[in-house]
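Visitor: Please choose one part of this structure and look at it closely. I would like to know how its pieces meet and what lies around it.

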Amino acid sequence: MLYLPSFRIRRPSLACRPTSHHFPKGELLGSARHSSICVAPCYALAALLALIAITPSWADDRLNHFELKIRPLLERNCLECHGADSPKGGLRLIDRAGWSEAGVIELGRPSVSTLVSVLRDPDPEIRMPPPSSGKKLTEREIQDIEAWIADGAYDPRESPSVGAPSPTGPKKRNRNFEITPEDESYWAFQPVQPPIFTDSEAELSASQKIDLLIQRKLQSTIGTDASAPSSTSPVLASPREQVRRATLDLWGIPPSPEAVEAFEKAPTNQAWDQAIEILLGSKHYGMRWGRYWLDWVRYAETNGYERDGPKPHAWRYRDYVIDAFHRDKPYDQFIIEQLAGDEWAEQQGWSDTSERDRWRQAIIATGFYRLHLWDDEPDDSEASEFDDADDIMVSIGSAFLGLTVGCARCHDHKFDPISQRDYYSMLTFLRGIDPYGLSKKGGGGRGTGRIQRYLVSEEVSNGWEHARQQRIATMQTKLDSATDPAIRLGIEGEIKAERDAVPPFDAALSVTEIGNQPKPTFILNRGDVHAPREQVTPEVPQILQRRVNIDSPISPLPNSSGLRLQFARWVASPKHPLTARVMVNRIWQRHFGTGIVPTCDDFGRTGALPSNPELLDFLANELIASNWSIHHMHRIMMRTDAYRSSSRPWDSISQARAQEGSCFFIQQIRRLDAEAIRDSILAIAGNLGAKDSGPSVYPTLTQEVRDSANPVSLSQWSDSPVDQQNCRSVFLAVKRSLKIPFLESLDFANSSSPSGIRSVTTTAPQALLLLNDPWVHQQAKLLADRIQREAGMDVDARLERLWRLAFQRLPTSAEIDVCRSLLEDLSGSGNTKPFFSDSAWQGLCRSILNSNEFLYVD
């Protein structure tokens with residue numbers, strides 16, 4: 001019986017891979033050693049997958065799981081009562097020693113661990129967190145705790161690695177808030193300080209300086225001989241690996257065989273630079289990197305909750321983001337447009353008749369404020385308005401500043417120097433926004449407020465509305481004077497059609513201000529909207545005022561206060577200590593698998609320390625000096641030896657770094673994300689559509705999904721034409737209550753909160769999906785048809801074409817022999833034709849789509 005692998009997908013680890021980071025040649029990932037599912041008695045297929053598998057294995061991904069899942073969960077739900085200061089029940093969860101002494105965790109045995117039992121206990125008197133706290137763990141969060149315990153409950157707070165948080169966790173702040181000298185000296189709040197180079201080093205290119213800073217860090221921590229640079233010089237990846245890595249990084253689809261062959265023939269630095277420019281110049285780059293931004297701002301096209309109503313024209317914001325990355329819009333402008341595009345346009349005098357394109361983009365960008373979850377039947381619409389505002393504050397803090405601002409809504413931040421006053425003072429900048437929902441008391445649904453704008457002047461839209469009302473009034477007069485029933489029926493139909501008419505203008509999800517005087521803002525006692533205390537004025541957090549204070553107040557504009565524009569310019573200031581650092585760290589994380597600061601969304605004390613502060617500041621300074629060019633950052637990172645190096649530890653030094661866990665500069669084998677897997681399958685099957693903008697596409701759902709889905713969600717799901725469903729995944733609809741099953745199974749973003757780094761899981765349903773899903777079968781057939789069309793009937797020629805399309809290399813003689821054996825098995829003993837059956841070729845193609853070499857980037 002063959003155990004076909006549920007392909008091994010492990011979380012990108014903060015710890016590097018050990019020396020033996022590849023499994024022995026020929027060992028199946030699905031063997032008894034690596035959990036598996038029993039699928040089919042096909043030894044030839046087993047041998048094939050063993051031959052072509054790139055079998056990534058990291059030394060330890062437990063640190064990553066703890067930092068991304070467990071630590072935030074504990075901070076959010078537990079440490080207020082079970083912290084260092086007089087922990088309730090004597091249970092201290094601030095460090096490993098605390099829970100170990102209390103005996104609440106049985107290592108490797110979540111089912112008998114007290115911690116798990118109290119999380120799942122149905123008795124509200126026993127269950128934790130207590131219902132009275134207003135906190136409740138989701139099923140997924142409890143499963144994360146169980147997985148953590150099952151894997152040994154690794155807690156880095158007792159054994160830190162380079163870049164990891166303190167072994168005892170962050171220090172809890174005093175109850176009386178004050179900015180301390182320790183706060184003042186904290187690394188993230190210091191001005192960006194470019195490193196010092198010697199005269200000769202200053203002549204190096206930016207990419208060479210990056211490599212130099214990496215070497216400096218290696219030499220300072222490992223103690224290598226500076227006179228022997230070869231001891232820490234990386235081994236470059238093969239030309240094929242370099243092109244494949246770069247293309248998957250920037251486009252999210254594999255390179256063409258021709259592109260790889262061209263670089264293999266002349267792998268010069270000039271050819272590499274040209275390859276990067278081609279990749280950055282394509283809109284495929286905008287689609288790939290725009291999707292990352294959508295993760296960071298929790299993009300979705302519906303409101304969530306039971307009815308999950310649509311966010312009208314949300315797709316225009318998605319297209320705006322894609323276009324911004326494609327055109328290399330300066331990052332500071334990108335920030336200002338999202339936070340205050342409407343006010344900026346008004347200040348600049350832009351309109352639908354003057355600087356029309358800039359005006360449209362500025363309005364569309366403010367859709368950022370409308371992406372949050374929205375409850376259309378809250379118990380208290382005033383409290384719900386502040387919930388919406390908090391969602392926005394959390395997203396601003398996470399996406400732009402790398403701070404957990406939302407932790408200060410109900411009380412001073414427990415760990416970072418952000419007071420409750422800071423929170424509400426910062427919220428004041430946003431209080432001029434017309435709320436998403438209409439105010440309503442009592443039960444039942446409520447309507448939305450002014451959440452969209454027509455992309456024409458108000459004079460034009462008002463003129464159209466006025467004309468429509470006049471037409472309705474005229475028809476009403478005719479109706480009142482008509483006595484013939486048939487005539488009356490016709491007029492009533494005309495009136496209904498006129499009332500239902502949609503204005504003939506483009507519209508966008510966007511913000512509207514309530515006027516040039518915002519609502520007053522008060523500090524809310526414990527976050528309770530019905531317990532206001534003192535009123536606050538617009539100010540940025542005190543700890544950051546000392547680094548970059550807010551600009552002088554902007555004179556109120558005719559239609560708004562101008563406060564958001566003032567705030568946006570503060571966020572986008574080149575003097576801001578966080579903004580540039582956060583963005584370059586995100587770019588580095590996407591290129592190397594681990595950020596210089598591993599906790600990309602949290603630069604505060606509950607996050608990790610930078611593993612190379614000099615490099616982080618160098619990159620931040622480069623971003624600012626290049627007029628905030630994201631493309632420039634790609635260029636200088638991708639031209640480094642570090643980026644182009646092999647993912648295999650190349651010597652004892654890199655192996656030592658791997659064991660230490662400080663591998664921010666070593667390429668890691670990474671599984672493709674959900675969209676890249678789907679798009680790559682479409683690409684090699686020759687079936688990837690050309691759609692590059694426009695309304696979202698709704699793929700056909702299987703009957704099983706329809707039978708189990710919320711009927712309300714299904715009522716809003718209308719399958720798009722089949723010829724549109726082969727678009728890139730970024731153009732597929734993102735509905736909060738009904739995610740596209742293929743993407744959700746492969747760890748698609750949750751879309752309800754900012755996702756700096758997605759979870760990467762290994763589950764049996766993923767393997768079953770890629771083996772049995774009807775869509776995968778369809779694409780495998782198209783791939784089989786393509787190789788026959790392009791290579792003819794010769795078996796070896798078809799295999800070569802298949803390998804070049806999927807892996808950008810030729811098959812080995814052993815792989816060809818195994819494939820022939822597999823094709824013979826799949827064709828069946830009754831096959832009398834001189835060539836293998838179509839179904840056999842389709843089965844082979846499906847196995848290729850399941851191989852690790854296809855699903856991972858090396």
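Guide: One term first: a crossing of two helices is right-handed if the near helix is turned clockwise from the far one by less than a right angle, and left-handed if it is turned anticlockwise. The model is predicted. Its protein chain has 37 helices and eight strands, and 57% of its 858 residues count as buried. Among contacts between residues at least 6 apart in sequence, 75% join residues at least 24 apart. The part to look at is helix H12, residues 269–281, and after that its surroundings.

Start with the partner that comes later in the chain. H12 packs against helix H25, residues 630–638, at an angle of about 150°, and the two axes are 11 Å apart. Angles over 145 degrees count as roughly antiparallel, and H12 and H25 are therefore roughly antiparallel to each other. Their crossing is right-handed. On the H12 side the contact is made by Trp-272, Ile-276, Glu-277 and Leu-280, and on the H25 side by His-631, His-634, Arg-635 and Met-638. Sorted by class, four of these residues are nonpolar, two are polar and two are charged.

The other partner is helix H10, residues 239–250, whose axis comes within 10 Å of that of H12 and crosses it at roughly 20°. Angles under 35 degrees count as roughly parallel, so H10 and H12 are roughly parallel to each other. This crossing, too, is right-handed. H10 brings Gln-242, Val-243, Ala-246, Thr-247 and Leu-250 to the contact, where they meet Trp-272, Leu-279 and Leu-280 of H12. Six of the residues in this contact are nonpolar, two are polar and none is charged. Trp-272 and Leu-280 of H12 take part in both contacts, the one with H10 and the one with H25.

Next along the chain comes helix H13, residues 283–296, and the loop between H13 and H14. Arg-298 lies in that loop. Its phi is positive, about 50°, although Arg-298 is not a glycine. That is worth noting because most residues other than glycine have a negative phi. At 1% relative accessibility Arg-298 counts as buried, since the cut-off is under 20%. His-313 is in the loop between H13 and H14 as well, and its phi is also positive, near 65°. Is His-313 buried, partly exposed or exposed? At 29% relative accessibility it counts as partly exposed.

Two residues within the range of H13, Arg-288 and Tyr-292, are contacts of Asp-673. Asp-673 sits in the loop between strand E7 (670–671) and helix H28 (674–684), and it is buried, with a relative accessible area of 16%. Leaving aside neighbours within four places in sequence, its other contact is Arg-758.

Trp-293, also within the range of H13, leads to the core. The largest nonpolar core has 187 residues, and Trp-293, Phe-400 and Leu-619 touch the most other members. Beyond its neighbours within four places in sequence, Phe-400 is in contact with Trp-293 itself, and its other contacts include Tyr-331, Ile-335, Leu-339, Phe-368 and Val-571. Another core lies apart from this one; it has 22 residues, among them Leu-119, Leu-137, Ile-149 and Phe-415.

Three of the contacts just listed for Phe-400, namely Ile-335, Leu-339 and Val-571, also belong to the contact between helices H15 and H22. The axes of H15 and H22 (residues 563–571) come within 8 Å and cross at roughly 130°, and the two helices are therefore oblique to each other. Here the crossing is left-handed. H15 contributes residues including Ile-336, Ala-340 and Trp-344, while those of H22 include Leu-563, Leu-565 and Phe-567. By class the contact has ten nonpolar, two polar and four charged residues.

H15 also helps to cover helix H16, residues 356–365. The buried residues of H16 are Trp-359, Arg-360, Ala-362, Ile-363, Ile-364 and Ala-365. Besides H15, what covers them includes helix H14 (314–326), strand E3 (452–454) and strand E4 (507–509).

How values were computed. Residues are numbered from 1 along each chain as its sequence is written. This is a predicted model: local features need pLDDT of at least 70, side-chain atom pairs count only at pLDDT 80 or more; totals for chains, interfaces and linings use all residues. Side-chain values use heavy atoms; hydrogens and water are left out. Axes are lines fitted to C-alpha atoms, for helices over the stretch in contact, and angles run from 0 to 180 degrees between N-to-C directions. Helices (H or I, at least four residues) and strands (E, at least two) are DSSP runs, numbered from the N terminus. Angles under 35 degrees count as roughly parallel, over 145 as roughly antiparallel, 65 to 115 as roughly perpendicular and the rest as oblique. Contact means heavy atoms within 4.5 Å. Ala, Val, Leu, Ile, Met, Phe, Trp, Tyr, Cys and Pro count as nonpolar, Asp, Glu, Lys and Arg as charged, and the others, Gly among them, as polar. A nonpolar core is a set of buried Ala, Val, Leu, Ile, Met, Phe, Trp, Tyr and Cys residues joined through side-chain atoms within 4.5 Å. Buried means under 20% relative accessible area, exposed over 50%, partly exposed in between (1.4 Å probe, protein chains only).
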